[in-house]
Amino acid sequence: MAQLLHCTGRLAIHPYYIIFGGTNVYSIEELAYVIINNVYSIDESIMNEQLCGWVADELKLPELAQRMVNSMTGFSSLANYVSTILEGSGYCNETQIQDIRDVLDEIGNKNEFFRRKHKADTMLSEGEYGKSVYEYKKLLGYYATANEPAEHVGAVWHNLGTAYARLFMYEKAADCYEQAFALNKEEESLNQYKYALYFLSQKGGVKLDRALQISGEELQEVGEDLERITPEAEEETGKFINDILRIKEAGKISDYYGEIFEVMKVWKDECRKGIE
């Protein structure tokens, strides 16, 4: 592991190999670290007597091991089991544990395709566009999509296009939206395709050999829509900036940062709405 962990508990003589993390762990803190950083890869295979026995025998934590055993049955058993480990490790706080529970409750019974997509979608919604591109491409390139409904695969292409668009890579974004629309026939994918082509047209970069052709009249309509939207957005943004600057000048620093964090939350929510 690249990160140095300060382990306050016992270190195991014999490590436990975590398959989904691809590494050996020697302490309860290392186990928690691997779980946190591989939450989208966790499945029911982690719930086994061998790990419980290792925690009891190697780490000398029999009470935690028993709680792990007790959590292996019932509703949300995977989330309960992982939460039990994290709570016993003392490595993360209650908020972090709840966040991981929420993820596991949502993806716990989903397949690998859904898990990988959920991970990439989260990165996209949090503004980690480069990382989300990598995850979407890996999902499309290395994981079987033949058994997934066309609309599911189309959603991946759509969101990959959104990630490229946020990086101002409109040629790649248009390619992705075109692929998305071919699979899902969603109007939103078609609309985003038009926007990507419009921005390309402003640079004289629209390919003429696209399978999905958009007329010059349609691109002109897109430009007119943007002309209507942009002044309204600029006026709203300008008003917000002036308001928070007045708060800062008044010396209300906590309120100033509170306003910034609030608008960032709104922007993230808006971004999530554009993700399929």
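Does N184 count as buried or exposed, and what is its relative accessibility? At 9% relative accessibility, N184 counts as buried. The legends below describe this residue and several other parts of the structure, which is a predicted model.

**Figure 1. Overview of the predicted model, a protein with 12 helices and 2 strands.** Along the sequence, the elements follow the pattern β-β-α-α-α-α-α-α-α-α-α-α-α-α. The protein has 276 residues, and buried residues make up 40% of them. The structure also holds 4 salt bridges. Some of these salt bridges are shown in later views.

**Figure 2. Close-up of N184 and the contacts of its side chain with E186 and S189.** N184 belongs to helix α9, which covers residues 170–184. The relative accessibility of N184 is 9%, and the residue is therefore classed as buried, the limit being under 20%. Its side chain reaches the backbone nitrogen of E186 at 2.9 Å. The side chain of N184 also makes a polar contact, at 3.2 Å, with the side chain of S189. One contact of N184 thus involves the backbone of E186, and another involves the side chain of S189.

**Figure 3. Close-up of A174 in helix α9 and its spacing from G161.** A174 is found in helix α9, the helix that also contains N184. With a relative accessibility of 0%, A174 counts as buried. In sequence, A174 and G161 are 13 residues apart. In space, the C-alpha atoms of A174 and G161 are 6.7 Å apart.

**Figure 4. Close-up of the salt bridge between E135 and K119.** The closest N and O atoms of E135 and K119 are 3.6 Å apart. E135 lies in helix α7 (residues 129–142) and K119 in helix α6 (residues 112–125), so this pair ties together parts that are 16 residues apart in sequence. Both E135 and K119 are buried.

**Figure 5. Close-up of the salt bridge between E135 and K138, within helix α7.** In this pair, the closest N and O atoms are 3.7 Å apart. E135 and K138 are separated by 3 residues in helix α7, about one turn of the helix. The relative accessible area of E135 is 7%, and this residue is buried. K138 is buried as well, with a relative accessible area of 18%. Through salt bridges that share partners, K119, E135 and K138 are joined into one network.

**Figure 6. Close-up of the salt bridge between E128 and K131.** The closest N and O atoms of E128 and K131 are 3.9 Å apart. E128 counts as partly exposed, at 35% relative accessibility.

**Figure 7. Close-up of a surface patch of negative charge formed by D99, D102, D105 and E106.** These four residues, D99, D102, D105 and E106, gather on the surface. One of them, D99, is found in helix α5, which covers residues 94–107. D99 has a relative accessible area of 44% and is partly exposed. Patches are made of residues with over 30% relative accessible area, and the 44% of D99 therefore meets this requirement.

Methods. Residues are numbered from 1 along each chain as its sequence is written. This is a predicted model: local features need pLDDT of at least 70, side-chain atom pairs count only at pLDDT 80 or more; totals for chains, interfaces and linings use all residues. Side-chain values use heavy atoms; hydrogens and water are left out. Patches are made of residues with over 30% relative accessible area and no salt bridge: like charges are joined within 9 Å, nonpolar side chains (Val, Leu, Ile, Met, Phe, Trp, Tyr) within 5 Å. Accessible areas come from the Shrake-Rupley method with a 1.4 Å probe; for residues, only the protein chains shown count as cover. A salt bridge is a side-chain nitrogen of Lys or Arg within 4 Å of a carboxyl oxygen of Asp or Glu. Lys and Arg count as positive and Asp and Glu as negative; His and the chain ends are not counted. The place of a charge is taken as NZ of Lys, CZ of Arg, CG of Asp or CD of Glu. Helices (H or I, at least four residues) and strands (E, at least two) are DSSP runs, numbered from the N terminus. Buried means under 20% relative accessible area, exposed over 50%, partly exposed in between (1.4 Å probe, protein chains only). A polar contact is a pair of N or O atoms within 3.5 Å; within protein, one must be able to donate a hydrogen and the other to accept it, and residues adjacent in sequence count only if both atoms are side-chain atoms.
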